[in-house]
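Q: Got a minute to go through this one with me? Let's start with the sheet.
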Amino acid sequence: MILYRKEKTETKKVFWKRRFSASYTVEATYVLAITLLALSVLIRSGYTKYKEETGIMRLHHMVEQVRGQEQKEDRSLSIGGWRAEVTSDADQTEGSLAGQGWRKHIEVKNHEPENMMRLTTIFQADLHAPGASQ
């Protein structure tokens with residue numbers, strides 16, 4: 001029985017050496033390094049896209065704030081490497097966002113309550129006209 005146990009442990013040692021040789025360890029470090037590099041590139045590009053989209057959303061928010069005010073004003077905002085500028089005149093509001101090699105521009109017509117009221121009264125008049133189906 002002692003020989004049997006000795007043979008069994010020797011076969012385990014041989015199996016261990018064959019299964020986990022040094023070449024597998026070196027290859028595993030290469031694979032792990034490439035995987036970590038790929039993950040870091042994906043995370044970095046995700047954060048860059050997040051910053052870009054957040055900047056565009058802030059620009060839209062600023063344009064809508066300036067557009068809705070009765071007194072026309074110009075605004076500018078700097079966030080890190082980004083620069084947002086909003087200008088407004090009588091008939092339209094413009095906003096631009098620039099930073100890190102790209103630029104976005106927004107042009108929006110200003111709200112005209114008189115025009116909207118006129119259009120609303122035209123639709124109401126058509127509804128109350130004789131022969132209009134309700």
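A: Sure, terms to begin with: strands (E, at least two residues) and helices (H or I, at least four) are DSSP runs numbered from the N terminus, and two strands pair if DSSP finds at least two bridges between them. This is a predicted model, where local features need pLDDT of at least 70, side-chain atom pairs count only at pLDDT 80 or more, and totals for chains, interfaces and linings use all residues. Residues are numbered from 1 along each chain as its sequence is written, and side-chain values use heavy atoms, with hydrogens and water left out.

Q: OK, so in what order do the four strands of the open sheet run?
A: The order is 1-2-3-4, with antiparallel pairing.

Q: Which ones are the edge strands?
A: Strand 1 (75-79) and strand 4 (102-109), each pairing on one side only.

Q: And how many bridges between strand 3 and strand 4?
A: Eight, with strand 3 covering residues 92-99. Ser 96 sits opposite His 105 of strand 4.

Q: Where do the helices come in the pattern?
A: Along the sequence it reads α-α-β-β-β-β-α.

Q: Switching topic: what's the mean pLDDT?
A: 78, and 75% of the residues reach 70 or more; pLDDT is the predictor's confidence in each residue, from 0 to 100.

Q: Where does pLDDT stay under 50?
A: Over residues 1-6, which have zero contacts (heavy atoms within 4.5 Å) beyond four places in sequence.

Q: Last one: what share of the protein is buried?
A: 15% of its 134 residues, buried being under 20% relative accessible area with a 1.4 Å probe, protein chains only.

How values were computed: Buried < 20%, exposed > 50% of the residue type's maximum accessible area, 1.4 Å probe, protein only.
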